[in-house]
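Here are some exercises to work through with the model open beside you. Try each task before you read its solution.

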Amino acid sequence: MIWEYLREEEFKDAIEKSKGVCVVPIGCIEKHGQHIPIGTDSILATEIVRRAAEREAVCVFPTMHFGEKTGAGEFAGTVILSSELRLKLLEEICGEIYRNGFRKILLFNGHGGNQAMLSHFVRSTLYEDKGYLIYDYAPGADFPTPNKLLSGNYGHLTNEDREILKSYVEQKKRYGHACFIETGWIYASHPHLVRLDKAGEESGSSTHRFDEFTKRKINSPFAWMANYPNSYAGDMHDGMNEHIAAAMMEYSVAKTAEVFSFLKNETVSEEYYREWKSKQKRF
């Protein structure tokens with residue numbers, strides 16, 4: 001059920017079918033090498049969520065395209081909003097979802113850089129009684145890696161496709177950002193936006209400039225940008241095709257549908273929410 005596709009009278013039924021669960025796809029607008037679009041994170045989040053919602057009914061809110069992107073302003077097309085505005089948008093979006101009758105809100109994160117922002121936001125909702133429960137999840141928490149596809153039952157993968165996936169593993173190819181996996185997700189839904197011929201135009205290897213910080217567990221806002229100046233981290237691989245891309249999408253859609261089903265039927269968070277509120281002396 002897509003929020004903006006519903007007519008006003010359909011919302012009551014949508015709330016019942018979804019058991020009050022609404023999902024907000026969140027991405028960002030940033031460079032992904034030269035072979036996939038700047039909207040990759042928003043596109044993949046939206047596509048995975050909408051396909052999963054066809055299997056397990058939830059209401060899908062309009063995509064929030066403007067996630068955490070305080071760096072990468074040197075690249076054309078990047079959209080950078082202040083952290084204050086992003087957090088305010090999240091607060092008001094969740095408030096409006098709740099006002100319209102949904103009590104469980106899942107922030108579905110398509111951009112790794114959003115995780116700190118979303119973790120902070122989810123915790124910040126405990127400051128006052130919001131009336132709704134909020135969670136976050138990312139398909140990147142369970143990537144459809146070649147190893148997982150090889151061990152799965154994907155009948156449309158040919159023997160040649162499996163050899164391509166085995167080669168990826170054997171050559172110890174890396175995944176990360178604008179890599180084989182993200183390219184596969186986009187290729188599965190928007191193949192016309194993918195330029196595989198440009199995948200090798202820039203390097204996705206690290207410069208290692210901030211490795212000493214990582215070794216010492218020191219966090220720096222510059223580390224990723226300095227290590228991957230092309231906004232590309234990982235490896236592409238010869239052989240990406242529609243079969244492999246479809247398997248990657250299928251893996252992530254199935255996992256996401258399982259998450260939707262769990263949230264619709266679990267009661268632990270609701271029970272504890274009531275217990276937690278009864279312990280608070282500020283509400």
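**Exercise 1. Find the salt-bridge partner of Arg-7 and describe how accessible both residues are.**

Step 1. Arg-7 has a relative accessibility of 46%, so it counts as partly exposed; here buried means under 20% relative accessible area, exposed means over 50%, and partly exposed lies in between (1.4 Å probe, protein chains only).

Step 2. Its side chain meets that of Glu-10 in a salt bridge, at 3.4 Å from N to O. The rule asks for a side-chain nitrogen of Lys or Arg within 4 Å of a carboxyl oxygen of Asp or Glu.

Step 3. Glu-10, at 27% relative accessibility, is partly exposed as well.

Before you go on, two notes on the setup: this is a predicted model, in which local features need pLDDT of at least 70 and side-chain atom pairs count only at pLDDT 80 or more, while totals for chains, interfaces and linings use all residues. Residues are numbered from 1 along each chain as its sequence is written, and side-chain values use heavy atoms, with hydrogens and water left out.

**Exercise 2. Follow the salt bridges of Glu-91: which network do they belong to?**

Step 1. Start with Lys-88, whose side chain forms a salt bridge with Glu-91 at 3.7 Å, N to O. Both residues sit in helix α3 (residues 83-99), 3 residues apart, about one turn of the helix. Helices (H or I, at least four residues) and strands (E, at least two) are DSSP runs, numbered from the N terminus.

Step 2. Check the accessibility: Glu-91 is partly exposed at 32%, and Lys-88 is partly exposed at 40%.

Step 3. Now look at Lys-130, which meets Glu-91 in a salt bridge at 3.4 Å, N to O. Lys-130 belongs to the loop between α4 and β4 while Glu-91 is in helix α3, so this pair ties together parts that are 39 residues apart in sequence. With 19% relative accessibility, Lys-130 counts as buried.

Step 4. Shared partners join Lys-88, Glu-91, Glu-92, Glu-128 and Lys-130 into one network. The count of salt bridges comes to 25.

**Exercise 3. Work out the strand order of the sheet, and explain why β2 and β4 each have one side without a neighbour in the sheet.**

Step 1. The 4 strands form an open sheet with parallel pairing, in the order β2-β1-β3-β4. Two strands count as paired if DSSP finds at least two bridges between them.

Step 2. β2 (59-60) and β4 are at the edges and have a single partner strand each, so one side of each lacks a neighbour in the sheet.

Step 3. Trace the pairing of β3. Strand β1 (residues 21-26) runs parallel to β3 and is joined to it by 6 bridges; Val-24 has Leu-107 as its bridge partner in β3. Strands β3 (residues 104-109) and β4 are parallel too, with 5 bridges. Across that second pairing, Lys-104 stands opposite Leu-133, Leu-106 has Tyr-135 as its bridge partner, and Leu-107 has Asp-136.

Step 4. Add the helix. α4 packs on the sheet and touches β1, β3 and β4, its direction making about 165° with that of β3. Contact means heavy atoms within 4.5 Å; axes are lines fitted to C-alpha atoms, for helices over the stretch in contact, and angles run from 0 to 180 degrees between N-to-C directions.

Step 5. Assign the handedness: β3, helix α4 (residues 115-124) and β4 make a right-handed β-α-β unit. Right-handed means that, with the strands pointing away from the viewer, the path from the first strand over the helix to the second runs clockwise.

**Exercise 4. Are the residues on the two faces of β3 buried or exposed?**

Step 1. On one side, Lys-104, Leu-106 and Phe-108 are buried; on the other, Ile-105, Leu-107 and Asn-109 are buried too. That makes 6 of 6 residues in β3.

Step 2. Turn to β4 (residues 133-137): 4 of its 5 residues are buried, so the strand is largely enclosed by the rest of the structure.
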